[in-house]
Amino acid sequence: MSGKHIELFLVDGTPGGLTTAEILNWTGQVLSAPRSEMRALVRRPEVAGTCIYLLLGPDEQGGTRCYIGETDDFRARLRNHDANKEFWRKVVVVTSKDANLTKAHGRYLESRLIALALQAGRVVLDNGTTPPPQALPEAHASDMDYFIDQLQIVLPVLGVDAIRGRETVAVPAARQDELVSPIFHLVNKKLGIDARAQQIDGEFTMLAGSTVVADWHGVGKADSTIKAYESYRAQHLKLVADGSIVIEDGIGRVAKDIVFGSPSTAGAIAQGRSCNGRISWIAEAGTTFGSWESRGVESSEAS
């Protein structure tokens with residue numbers, strides 16, 4: 001696995017403002033801007049040709065809502081979305097520095113990005129339809145697939161996880177023990193809990209096939225605890241509602257990999273009460289997640 005040289009440029013010098021992102025030796029270019037900076041964005045020369053774009057904003061049920069589109073007239077399309085779509089707060093535009101993206105390339109990328117977003121399940125898609133894959137010559141399709149590989153790296157750097165899959169890069173066998181986490185388990189036979197999780201690309205991910213509680217039953221006393229428990233309960237209900245957790249015979253079964261912000265949140269969702277994820281998730285070798293996460297720190301300090 002080799003490193004990636006990604007250049008970010010804050011156009012107006014402020015975090016969260018108009019930003020450009022490039023990977024060294026890649027023809028693609030990505031621009032990100034809040035809705036309030038549409039005027040500056042549409043004046044950029046990069047958006048004059050064929051573009052693929054993502055509109056991003058909060059979803060009413062929690063999480064992120066996303067619309068993916070392609071256009072040869074970005075200014076007109078964005079003006080239309082500004083008048084007709086309320087949800088979005090941020091726009092990300094993908095184009096090419098060598099101006100070689102054609103309409104057919106744009107449609108191919110749009111179809112593939114929508115399919116990847118559906119597969120990843122990290123956002124609620126606002127697209128009403130899923131366009132069929134655009135037919136391209138074999139060489140062009142290969143180029144566009146490489147283009148998408150680079151997008152799967154650069155978009156998360158901009159805080160956009162819409163098409164982020166499990167692992168974005170292959171890890172050499174010689175570094176597996178160093179870079180790939182073991183599978184951690186959280187088991188409570190009395191409650192029917194048998195959850196498995198793994199740290200993937202820096203994210204704590206509960207794996208499909210895990211079993212968890214069918215409903216969240218924790219009860220708090222302090223105001224802060226009650227608020228935290230309500231958040232966990234709402235998250236559990238949302239995962240059930242969107243099909244990530246399927247209730248069968250009084251047990252919740254994880255239907256697809258679910259990314260959590262921390263092992264403690266994952267543990268709380270799994271067992272229906274608060275959880276210290278750093279000690280509750282345990283690998284087969286008996287190593288806790290906290291011990292694995294802190295591996296090598298003591299020895300490096302001693303040296």
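Let me start with Arg-75, which at 43% relative accessibility counts as partly exposed. Arg-75 is found in helix α2. Together with Arg-39, Arg-43 and Arg-79, Arg-75 forms a positive surface patch. Before I go on: what you see above is a predicted model.

Next, the salt bridges. How many salt bridges does the count come to? The count comes to 16. I will go through three of them.

The first one on my list joins the side chains of Asp-59 and Arg-65, with 2.7 Å from N to O. Is Asp-59 buried or exposed? Asp-59 has a relative accessibility of 9%, and because the cut-off for buried is under 20%, Asp-59 counts as buried. Its partner Arg-65 has a relative accessible area of 21%, so Arg-65 is partly exposed.

Then there is the pair Lys-85 and Asp-126, whose side chains meet in a salt bridge at 2.8 Å, N to O. Where do these two sit along the chain? Lys-85 is in the loop between α2 (74–84) and β6 (90–96). Asp-126 is in the loop between β7 (124–125) and α4 (138–157). The two are 41 residues apart, and the pair links distant parts of the chain. As for cover, Lys-85 has a relative accessible area of 17% and is buried, while Asp-126, with 23%, is partly exposed.

Those two pairs should be taken together. Asp-59, Arg-65, Lys-85 and Asp-126 are linked in a network of salt bridges. Within that network, Asp-59 is buried and Lys-85 is buried, whereas Arg-65 is partly exposed and Asp-126 is partly exposed.

The last pair I picked is Asp-145 with Arg-112, where the side chains meet in a salt bridge at 3.6 Å, N to O. Asp-145 lies in helix α4 and Arg-112 lies in helix α3, residues 103–120, so this pair ties together parts that are 33 residues apart in sequence. Asp-145 has a relative accessibility of 29% and counts as partly exposed. Arg-112 is partly exposed as well, with a relative accessible area of 27%.

Now for a strand. Thr-95 lies in strand β6. At 4% relative accessibility, Thr-95 counts as buried. What does the side chain of Thr-95 reach? It reaches the backbone oxygen of Glu-46, at 3.4 Å.

For an exposed residue, look at Gly-63, in the loop between β4 (51–58) and β5 (64–71). Gly-63 has a relative accessible area of 53%, and because exposed means over 50%, Gly-63 is exposed. I also have one distance here: the C-alpha atoms of Gly-63 and Gly-277 are separated by 22 Å. Along the chain, these two glycines are 214 residues apart.

I will finish with helix α7, residues 263–271. Why can we call α7 largely enclosed by the rest of the structure? Because eight of its nine residues are buried. The buried residues in α7 are Pro-263, Thr-265, Ala-266, Gly-267, Ala-268, Ile-269, Ala-270 and Gln-271. Just after α7 comes Gly-272, which takes a positive phi of about 80 degrees.

Technical notes. Residues numbered from 1 in each chain as written. Predicted model: local features only at pLDDT ≥ 70, side-chain atom pairs only at ≥ 80, totals over all residues. Heavy atoms only, no water. Salt bridge = Lys/Arg side-chain N within 4 Å of Asp/Glu carboxyl O. Buried < 20%, exposed > 50% of the residue type's maximum accessible area, 1.4 Å probe, protein only. Helix = DSSP H or I, 4+ residues; strand = E, 2+ residues; numbered from the N terminus. Patch = residues over 30% accessible without salt bridge, like charges linked within 9 Å, V, L, I, M, F, W, Y side chains within 5 Å. Areas by Shrake-Rupley, 256 points an atom, 1.4 Å probe, with all protein chains shown as cover. Lys, Arg positive; Asp, Glu negative; His and termini not counted. Charge placed at Lys NZ, Arg CZ, Asp CG, Glu CD. Polar contact = N/O pair within 3.5 Å; in protein donor to acceptor, adjacent residues only side chain to side chain.
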